[in-house]
Amino acid sequence: MKDSIEIINLVPRFLDFYGKAKVCDGESRFETWKKHYGFAAVPPGEEGELLAKELLDSAWDKYEKVIPFLEQWSPDAERIEQHLSKIKSALNFSESVDVVLIFFVGAFDENAFAAPYGKNRIAVCLPIENGENQVTVVHELIHLVHGKIIGSAMNWERSVASLIFQEGLATQLSKYLVPGHKDEVYVEHQDGWLQDCSRDSKQILQRIRPFLQECSAEKIFQFTMGNGTTGRTREGYFAGWKLIGDMLDNGWSFSDIARVKEDDMARVLMKACSF
């Protein structure tokens with residue numbers, strides 16, 4: 001069966017907001033953002049709203065330079081279909097996929113994400129203010145197919161082990177499917193982060209291990225956007241990159257890794273990986 005790809009382009013909505021907000025001060029600008037745009041790569045709830053305001057304030061002065069690009073930009077549906085086909089082949093998955101792609105203007109932080117969308121659907125949300133990054137597109141499509149394989153709704157609240165599996169598979173498989181870049185391109189969010197984490201790899205992995213089975217929005221935030229146990233952001237991403245990389249080195253295939261059920265992920269990590 002043919003895959004179904006729905007594309008939602010939020011860029012015109014952002015441009016409408018930007019035009020209205022140019023005359024606003026900081027506080028009224030955020031109120032205008034909530035009314036006319038209101039889309040950001042943040043967790044739900046009050047904490048997410050505070051973070052959304054911080055991101056808007058930090059990005060505001062950068063938007064002017066990219067407005068001409070945003071006004072001319074449009075999504076490439078054919079390339080997306082090609083990426084999806086390669087991912088399904090790598091994961092040995094033949095069922096049809098119903099994907100919603102939401103293109104949005106973020107805060108120049110390359111923070112793409114996947115989230116539940118309506119009933120039994122997943123939306124892949126892709127920021128384009130820095131240009132359309134093909135590694136990021138593939139990374140998020142991997143999340144979607146992986147979620148389909150294991151029957152996951154890709155909720156924000158999940159186990160830390162699930163975070164590690166999902167991000168590890170997405171970073172390592174995107175490296176395989178979009179080769180030719182430095183490792184940092186596949187996993188890093190700021191310069192020097194991967195090298196810094198690698199220096200303290202053993203400590204990061206040892207300290208995250210006790211939380212593998214913990215399932216809470218608080219812990220997911222800590223190991224993604226918050227400060228982890230060693231004071232670094234995105235320690236869950238580093239753990240995924242390292243541990244899933246170790247599993248691949250030890251003979252696991254991408255297809256096998258993608259089929260580990262969420263309830264088994266903590267056990268498999270503790271058995272298959274060296275902390």
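**Helix packing and an open sheet: a conversation**

Colleague: Thanks for sharing this one. At what angle do helix 1 and helix 2 pack, and how far apart are their axes?

Modeller: Happy to help, and do keep in mind that the model is predicted. The two elements are helix 1, residues 11-21, and helix 2, residues 26-36. They pack at an angle of about 150°, and their axes are 9 Å apart.

Colleague: Are helix 1 and helix 2 roughly parallel or roughly antiparallel to each other?

Modeller: Their packing angle is about 150°. Angles over 145 degrees count as roughly antiparallel. Helix 1 and helix 2 are therefore roughly antiparallel.

Colleague: And is the crossing of helix 1 and helix 2 left-handed or right-handed?

Modeller: The crossing of helix 1 and helix 2 is right-handed.
Helix 1 brings Arg-13, Asp-16, Phe-17, Lys-20 and Ala-21 to the contact, while helix 2 brings Arg-29, Thr-32, Trp-33 and His-36. By class, these are 3 nonpolar, 2 polar and 4 charged residues. So much for the surroundings; the handedness you asked for is right-handed.

Colleague: Let's turn to the sheet. In what order do the 4 strands lie?

Modeller: The sheet is open and its pairing is mixed. Strand 1 (4-9) and strand 3 are the edge strands, each pairing on one side only. From one strand to the next, the twist averages 25°. The order is 1-2-4-3.

Colleague: Which helix packs on the sheet, touching strand 1 and strand 2?

Modeller: The direction of this helix makes about 135° with that of strand 1. The helix covers residues 77-90, and the name you want is helix 4.

Colleague: How many bridges join strand 2 to strand 4?

Modeller: Strand 2 spans residues 98-104 and runs parallel to strand 4. One pair to look at is Ile-102, whose bridge partner in strand 4 is Cys-125. The number of bridges joining strand 2 to strand 4 is 6.

Colleague: On the other side, in which sense do strand 3 and strand 4 pair, and over how many bridges?

Modeller: Strand 3 covers residues 113-116 and strand 4 covers residues 122-127. You can follow the pairing through Pro-116 with Ile-122, Ala-115 with Ala-123, and Phe-113 opposite Cys-125. The sense is antiparallel, over 4 bridges.

Colleague: Which residue in the turn of that hairpin has a positive phi?

Modeller: Strand 3 and strand 4 form the hairpin, with 5 residues between them. The phi in question is about 65°, and the residue is Gly-118.

Colleague: How many residues of strand 4 are buried?

Modeller: Take the two faces in turn. Ile-122, Val-124 and Leu-126 point one way, Ala-123, Cys-125 and Pro-127 point the other way, and all are buried. Strand 4 is thus mostly covered, and the count of buried residues is 6 of 6.

Colleague: One for the loops: is Asn-92 buried or exposed?

Modeller: Asn-92 sits in the loop between helix 4 and strand 2. Its phi is near 55°, a positive value in a residue other than glycine. Most residues other than glycine have a negative phi. With a relative accessible area of 58%, Asn-92 is exposed.

Colleague: And Phe-108, is that residue buried or exposed?

Modeller: Phe-108 lies in the loop between strand 2 and strand 3. Although not a glycine, Phe-108 has a positive phi of about 65°. The cut-off for buried is under 20% relative accessible area. Phe-108 has 18%, so Phe-108 is buried.

Notes
Residues are numbered from 1 along each chain as its sequence is written. This is a predicted model: local features need pLDDT of at least 70, side-chain atom pairs count only at pLDDT 80 or more; totals for chains, interfaces and linings use all residues. Side-chain values use heavy atoms; hydrogens and water are left out. Axes are lines fitted to C-alpha atoms, for helices over the stretch in contact, and angles run from 0 to 180 degrees between N-to-C directions. Angles under 35 degrees count as roughly parallel, over 145 as roughly antiparallel, 65 to 115 as roughly perpendicular and the rest as oblique. A crossing is left-handed if the near helix is turned anticlockwise from the far one by less than a right angle, and right-handed if clockwise. Contact means heavy atoms within 4.5 Å. Ala, Val, Leu, Ile, Met, Phe, Trp, Tyr, Cys and Pro count as nonpolar, Asp, Glu, Lys and Arg as charged, and the others, Gly among them, as polar. Two strands pair if DSSP finds at least two bridges between them. Buried means under 20% relative accessible area, exposed over 50%, partly exposed in between (1.4 Å probe, protein chains only).
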